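Got a minute for a quick tour? Below is a short briefing on one protein chain, with the structure placed right here so you can follow along.

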Amino acid sequence: MSSIGHRGFDARSWLFAPGDSARKMAKAAAGAADIVLIDLEDAVAAAEKPAARNRTADFLAAHAESDRRRLWVRVNPLDGPHTLADLAAIVPARPGGIMLPKSRGGQDVRTLDHYLSALEVAADAEPGRIEVIALAPESAEAVFTTGTYRDAPRLAALSWGVEDLAASLGAGTHRGPDGGYGFTYELARSLCLVGAASAGVAAIDTIHGDYRDLDGVRARAEKARREGFRGMLAIHPDQVDIINAAFAPSVEELAAAQEIVDLFAADPETGAIGYRGGLLDRPHLARAQALLATRGQS
């Protein structure tokens, strides 16, 4: 399983599980997902939210502290009536992190940090332990704020949501004529990636909605990794192994990266080095070091 640490984040697969189903939460936690996202938002009807909060808190509390590091909770949006009740129920059970949906910008993460800090004190929990992934953009407003997350406290990753964004825009579909995302949604996806890089956190691509289309999941995940995303959201356990494999560098990639690092280490004062008929400069070294770091190498 990948390591998890603030601003040193390496979690490839993020699997949703509804917070109103103990069976589905247990199944997700028993699987290979790097992060299990217990959902109190879209997966739970309004009338069932109080019971789902309690069920989620009980589920978290039943796990050892080390296991809870990978058990995160998607709470309800800050501009709705449920968020504080969600947090009050689950913070004492010490989840590894919080997913903040429909984030309007870095200020929402700062507001969430204030809530979490107060609740951690009340629960005698370790201050700042709970990390945050923000879903941005999921609305028209949030498309314009993806560059506001730098220095947002607790932030470990950014992701985005195509279905909610389409609803916000009043669109009939988010697909283009070729079946891929339309221009507006590719723009939003790119802004999520750029915003995450600007903030120094991991970019996590959104779900592949057809859980039976495993070839599509693989293609999407491989494309996302090439572009700079560090992981991908999943809605079904069958997607997890595919996502994990797609975001794991091959033996050949790791060997090539180590070779590049070793070349620069042998001549640390140089700015560029000849390599396999081409020329390597410092950005190539940075990418090689980042690749090795994702697998815990140096």
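Here's a rundown by topic, starting with the charged pairs.

Keep in mind that this is a predicted model. By the rule used here, the salt bridges add up to 19. A few of those get a closer look below, followed by a helix crossing and some backbone oddities.

**Salt bridges across the chain**

- Some background first: side chains with opposite charges can pair up when their charged atoms come close.
- Glu65 and Arg129 make one such pair, with their side chains meeting in a salt bridge at 2.9 Å, N to O. The two sit in distant parts of the chain, 64 residues apart: Glu65 is in helix H3 (residues 65-68), while Arg129 is in the loop between H5 and strand E5 (131-135).
- Is each partner buried or exposed? Glu65 is partly exposed, at 37% relative accessible area, while Arg129 is buried, at 5%.
- Asp205 pairs with Arg220, and the closest N and O atoms of this salt bridge are 3.5 Å apart. Asp205 belongs to strand E7 (residues 202-205) and Arg220 to helix H9 (residues 214-227), so this salt bridge ties together parts 15 residues apart in sequence.
- Asp205 has 0% relative accessibility and counts as buried. Arg220 is buried too, with a relative accessible area of 14%.
- There's also a network: Asp39, Glu41, Asp42, Arg74, Lys102 and Asp164 are linked by salt bridges.

**Asp108 and its partner Arg104**

- Asp108 is in helix H5, which covers residues 106-122.
- Its side chain meets that of Arg104 in a salt bridge, 2.9 Å from N to O.
- The backbone of Arg104 gets involved as well: its nitrogen lies 2.9 Å from a polar atom of the Asp108 side chain.
- Asp108 counts as buried because its relative accessibility is 9%, under the 20% cut-off. Arg104, by contrast, is partly exposed at 30%.
- What else does Asp108 touch, once neighbours within four places in sequence are set aside? Its contacts are Leu78, Leu100, Lys102 and Ser103. Lys102 has turned up already, as a member of the salt-bridge network.

**Glu120, also in H5**

- Glu120 is another residue of helix H5, and it is buried, with a relative accessible area of 2%.
- Leaving out neighbours within four places in sequence, Glu120 is in contact with Val91, Ala125, Glu126, Pro127, Gly128, Arg129, Ile130 and Arg154. Two names on that list appear elsewhere in this briefing: Arg129 is the salt-bridge partner of Glu65, and Arg154 has a positive phi.
- For a sense of distance, the C-alpha atoms of Glu120 and Ile207 are 31 Å apart, with their positions 87 residues apart along the chain.

**Where H1 meets H2**

- Helix H1 (residues 22-29) and helix H2 (residues 49-61) have axes that come within 11 Å and cross at roughly 35°. The crossing is right-handed.
- Which residues make the contact? On the H1 side they are Ala22, Met25, Ala26 and Ala29, and on the H2 side Arg55, Thr56 and Phe59.
- Sorted by class, that contact has five nonpolar residues, one polar and one charged.

**Backbone spots to look at**

- The peptide bond from Ala136 to Pro137 is cis, with omega near 5°. Pro137 sits in the loop between E5 and helix H6 (140-143).
- Asp151 isn't a glycine, yet its phi is positive, near 65°. You'll find Asp151 in the loop between H6 and strand E6 (155-159).
- Arg154 isn't a glycine either, and its phi is about 70°. Arg154 lies in the loop between H6 and E6.
- How do Asp151 and Arg154 fare for accessibility: buried or exposed? Asp151 is exposed, with a relative accessible area of 60%, whereas Arg154 is buried, at 6%.

Methods
Residues are numbered from 1 along each chain as its sequence is written. This is a predicted model: local features need pLDDT of at least 70, side-chain atom pairs count only at pLDDT 80 or more; totals for chains, interfaces and linings use all residues. Side-chain values use heavy atoms; hydrogens and water are left out. Helices (H or I, at least four residues) and strands (E, at least two) are DSSP runs, numbered from the N terminus. Buried means under 20% relative accessible area, exposed over 50%, partly exposed in between (1.4 Å probe, protein chains only). A polar contact is a pair of N or O atoms within 3.5 Å; within protein, one must be able to donate a hydrogen and the other to accept it, and residues adjacent in sequence count only if both atoms are side-chain atoms. Contact means heavy atoms within 4.5 Å. Axes are lines fitted to C-alpha atoms, for helices over the stretch in contact, and angles run from 0 to 180 degrees between N-to-C directions. A crossing is left-handed if the near helix is turned anticlockwise from the far one by less than a right angle, and right-handed if clockwise. Ala, Val, Leu, Ile, Met, Phe, Trp, Tyr, Cys and Pro count as nonpolar, Asp, Glu, Lys and Arg as charged, and the others, Gly among them, as polar. A salt bridge is a side-chain nitrogen of Lys or Arg within 4 Å of a carboxyl oxygen of Asp or Glu.
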